[in-house]
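Me: I would like a close look at a single part of this model, taken slowly and in connected prose. Please begin from the interior and work outward to whatever surrounds it.

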Amino acid sequence: MPKNENTAFISENLHNFKHFDAAFDCLHMINLNEFVPNIYIDLRYAGNDNFMHTPMYPFHTAIAYARKPVAEALKAVQEALNAKGLSLKIWDAYRPYAVTVAFWKRVHDERYVANPANGSGHNRGIAVDVTLVQLHNGMPLDMGTDFDNFTDSAHGNFSQFPSQILANRKLLQDIMTTHGFKALPTEWWHFSWINAANFPVLNIPFKKMKKIVQ
Ligand SMILES: [Zn+2]
């Protein structure tokens, strides 16, 4: 398993990425649309409906990527949810490093935006921003706040919501953590995989990723 120090980014070196993607099964990048049955994907950074108020990914990007162990865990989560008539909806997954740098210029607060000095779980392909929707029509469950709500009400321990909202949040958190994800205390929608240092930070743009990942 290759390790990388915080500053030793693979960056946009496609040759390195292809080598590691082929050589190390756990680093393989997966197309979640194809791999996770029935999943809803709405990449909020591919439109204007995000805290930057402008597309940070190519407009209308609709394919989400994550590393293989993450994709396999999401598939297991999705199977458990589908049995309840529910589905995951992905708001963000793999995020090119350059986008994290742009976020940091806008929001200098490590509670809500990853410091580029460390790279983020999203840059490593091991973090996802998700919510729950009805499987048959995509109607969202009420989680109390929208995505990227940078207030205390987005915190996992915020308790001043009606019981149904708290139950919806608990359902999401329980099912994700049961399948190996770690929750983030400040964002109810953010979950990351373990051993982040094993997964290099990537700055492969979506258009290049699309050509590489089958
Ligand atoms: Zn996130």
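Which residues have the most contacts inside the largest nonpolar core, and how many residues does that core have?

Reply: This is a predicted model, and what follows should be read in that light. The largest nonpolar core has 59 residues, and those with the most contacts inside it are Leu74, Leu88 and Met176. Helix 3 gives the largest share of this core, with 6 residues. As a general background, nonpolar side chains in soluble globular proteins tend to be buried together.

Leu88 is a useful place from which to look around: once its neighbours within four places in sequence are left aside, Leu88 is in contact with Ile39, Tyr40, Leu74, Val77, Gln78, Leu81, Val130, Thr131, Leu132, Val133, Leu172 and Met176. Both of the other residues named for the core, Leu74 and Met176, are thus among the contacts of Leu88.

The surrounding framework is an open sheet of 5 strands in the order 2-4-5-7-6, with mixed pairing. Strand 2 (40-41) and strand 6 (182-184) stand at its edges, and because each has a single partner strand, one side of each is left without a neighbour in the sheet. For strand 2 that partner is strand 4 (residues 86-92), with which it pairs in the parallel sense over 2 bridges, and here Ile41 stands opposite Ile90 in strand 4. Helix 3 (residues 68-82) packs on the sheet, where it touches strand 4 and strand 5 (127-134), and its direction makes about 145 degrees with that of strand 4. Helix 5 (residues 163-178) also packs on the sheet, touching strand 4, strand 5, strand 6 and strand 7 (187-192), with its direction at about 130 degrees to that of strand 5.

Toward the other edge, strand 5 and strand 7 run antiparallel and are joined by 3 bridges, with Ala127 opposite Ser192 in strand 7. Strand 6 and strand 7 likewise run antiparallel, joined by 3 bridges, and a hairpin connects them through 2 residues; in this pair Leu184 stands opposite Glu187 in strand 7. Since 6 of the 6 residues of strand 7 are buried, that strand is largely enclosed by the rest of the structure.

The zinc ion is coordinated by His122 (NE2), by Asp129 through two entries (OD and OD), and by His190 (ND1), at 2.0 to 2.8 Å. Along the chain, its donors follow the spacing H-x6-D-x60-H, and both His122 and Asp129 are buried. The angles among the 4 donor atoms run from 51 to 153 degrees, and the site is irregular.

Terms used: Residues are numbered from 1 along each chain as its sequence is written. This is a predicted model: local features need pLDDT of at least 70, side-chain atom pairs count only at pLDDT 80 or more; totals for chains, interfaces and linings use all residues. Side-chain values use heavy atoms; hydrogens and water are left out. Two strands pair if DSSP finds at least two bridges between them. Helices (H or I, at least four residues) and strands (E, at least two) are DSSP runs, numbered from the N terminus. Contact means heavy atoms within 4.5 Å. Axes are lines fitted to C-alpha atoms, for helices over the stretch in contact, and angles run from 0 to 180 degrees between N-to-C directions. A nonpolar core is a set of buried Ala, Val, Leu, Ile, Met, Phe, Trp, Tyr and Cys residues joined through side-chain atoms within 4.5 Å. Buried means under 20% relative accessible area, exposed over 50%, partly exposed in between (1.4 Å probe, protein chains only). Donors are N, O and S atoms within 2.8 Å of the metal (3.2 Å for Na, K and Ca); water is not among the atoms, so sites may look incomplete. Four donors count as tetrahedral if all angles lie between 85 and 135 degrees; four count as square planar and six as octahedral if opposite donors are over 155 degrees apart and all others between 65 and 115; anything else is irregular.
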